[in-house]
Amino acid sequence: MKRGKLHILIIACMLLAACTSNDVPDVEASPISFSATTESIRDTSADTRSMSADTRAGELTDATLSSMGVFAYVSNITNYNESSTQLNYIYNLAITKTSATWTPASPVYWPLNSNEKLTFFAYAPYSGVIESEGNALSIPAFNSAGHPKLTYTNNKPDIDLLIAIPQANLTSATAAVNFHMMHALTKLTIRVQNIGSNAIRVTGLTLKARKQGTLSCPPSTSAIAYASTGTGEEAYITYDENTALDITLDGGSAAASDIRTYYLMPDRTGPN
C-alpha cells in the first residue's frame with residue numbers, strides 16, 4: 001500500500017513538471033512608458049484697474065510638473081464602455097519625473113494579448129503631494145465602473161491641480177502613453193495699484209470660496225466636468241481671514257503689487 005502511494009506521487013509530480021515547461025508560452029510582456037505635457041497658459045496679466053482678478057490657470061507647467069497619479073481600465077478586445085468597464089488594471093500608480101524621464105513607482109506592462117485594450121486616466125500632482133500640502137483627494141474604489149471621479153478638498157489654496165485628457169483603447173502597439181494635462185482649478189491673483197495722488201495702505205484681505213468638489217474627465221467629452229459638493233455656508237471656506245497685511249502704495253505709482261495668489265475650486269456644476 002505504501003509503495004503504491006509513492007508511485008502515484010512521483011507520476012503526479014512528473015506530469016506537473018511537464019505541463020509547466022511545455023504549456024506556458026515563453027512571451028515577455030512589454031513595459032508601459034509614460035509622458036505628460038500641460039496646456040499652455042494664457043497671459044492676461046496686463047491690467048491697469050485699481051484692483052484686478054487675474055484668473056488664468058495655474059503654475060504647473062511642463063517644467064514644474066514632476067508627479068502624477070495614473071489609472072487604467074482593461075476592456076479586453078472591445079472598446080472602453082462608460083457603464084461597464086471596470087477600474088481593474090492600474091490603480092492610482094505614482095509616476096514621477098526626473099529630468100525628462102517619467103518612472104512608475106512599480107513597473108507596469110501591456111497585456112500579452114496584443115488585441116487587448118487599455119484606457120488610461122491621470123491627474124497631477126500625485127495624491128501624496130496633495131496631502132502633504134494640507135489638501136485631500138478622494139479616489140474611486142478598485143473595480144468600480146465608469147471614469148474616475150476625484151473629490152478634491154481645497155483646505156489650502158496654494159497648489160495647482162491638473163486632470164488629463166483620457167487615452168482610450170490603446171494596445172501594446174502604442175509607443176508610450178502621452179497625457180495632455182488640463183488645469184482644473186482657477187488661479188486668482190489679487191493685485192492692487194494706486195492710481196490716485198495720495199498713498200494708500202492695504203491692511204488685510206479675506207476671500208471666501210467653494211471648499212470641495214468632484215472633478216472628472218469623461219472620454220466622451222475630453223473636458224473637465226465639475227460637481228460642487230455641500231450646501232449652504234458649510235460648502236465654503238474662508239481663506240486668510242486673520243492674516244494681517246501691511247502694504248503701502250505711494251500715490252501715482254504705475255506699478256501694481258500682487259498681494260496673494262489662490263488656486264480655487266470653481267463654483268459650478270457640470271455633467272459628471
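Two strands are said to pair if DSSP finds at least two bridges between them. In this predicted model, β3 and β6 run antiparallel and are joined by 6 bridges.

**View 1. The protein chain as a whole is built from 2 helices and 19 strands.** Of the 272 residues in the protein chain of this predicted model, 39% count as buried. The surface that the protein chain exposes comes to about 14,800 Å², and carbon and sulfur atoms supply 53% of that area. When contacts between residues at least 6 apart in sequence are considered, 76% of them join residues that are at least 24 apart.

**View 2. Strand β3, residues 67-74, is shown with its two strand partners, β4 and β6.** Is β3 buried or exposed? Buried means under 20% relative accessible area, and 8 of the 8 residues of β3 are buried, so this strand is largely enclosed by the rest of the structure. The side facing one way carries S67, G69, F71 and Y73, while M68, V70, A72 and V74 point the other way, and the residues on both sides are buried. With strand β4, which covers residues 90-98, β3 pairs in the antiparallel sense over 5 bridges, and within this pairing A72 has I90 of β4 as its bridge partner. With β6, the antiparallel arrangement extends over 6 bridges, and here the bridge partner of F71 is F121.

**View 3. The largest cavity has a volume of about 70 Å³.** Rolling a probe the size of a water molecule over the atoms shows where empty space is left. The structure holds 1 cavity of 30 Å³ or more. Which residues line the largest cavity? Its lining includes F71, F121, A122 and Y123, together with P148, L150, I163, A164, L215, S216 and C217. Both F71 and F121, the bridge partners that join β3 to β6, are therefore among the lining residues listed for View 3, and F71 is also one of the buried residues of β3. Strands β6 (118-124), β9 (162-164) and β15 (212-216) each supply at least two residues of this lining, and the largest share, 3 residues, comes from β6. By residue type, the lining divides into 10 nonpolar residues and 1 polar residue, with no charged residue.

**View 4. L245 is placed in strand β18, which spans residues 244-249.** With a relative accessible area of 21%, L245 is partly exposed. Which residues does L245 touch, if those up to four places away in sequence are not counted? They are V202, T203, G204, L205 and I259. V202 is 43 residues from L245 along the chain, yet the C-alpha atoms of these two residues are separated by 6.3 Å.

**View 5. A cis peptide bond joins A124 and P125.** The omega angle of this bond is about -5°. P125 lies in the loop between β6 and α2, the latter covering residues 127-132.

**View 6. S99 and N169 each have a positive phi although neither is a glycine.** For S99 the phi angle is about 60°, and this residue is found in the loop between β4 and β5 (101-104). S99 counts as exposed, at 70% relative accessibility. N169 likewise has a phi of about 60°, but N169 is found in strand β10, residues 167-170. At 26% relative accessibility, N169 counts as partly exposed.

Note on methods. Residues numbered from 1 in each chain as written. Predicted model: local features only at pLDDT ≥ 70, side-chain atom pairs only at ≥ 80, totals over all residues. Heavy atoms only, no water. Helix = DSSP H or I, 4+ residues; strand = E, 2+ residues; numbered from the N terminus. Buried < 20%, exposed > 50% of the residue type's maximum accessible area, 1.4 Å probe, protein only. Contact = heavy atoms within 4.5 Å. Areas by Shrake-Rupley, 256 points an atom, 1.4 Å probe, with all protein chains shown as cover. 1 Å grid on protein atoms, 1.4 Å probe; cavity = no way out; pocket = protein on both sides within 12 Å on 5 of 7 lines; lining within 4 Å. Points joined across faces, edges and corners; volume = space filled by probe spheres on them. Nonpolar A, V, L, I, M, F, W, Y, C, P; charged D, E, K, R; others polar.
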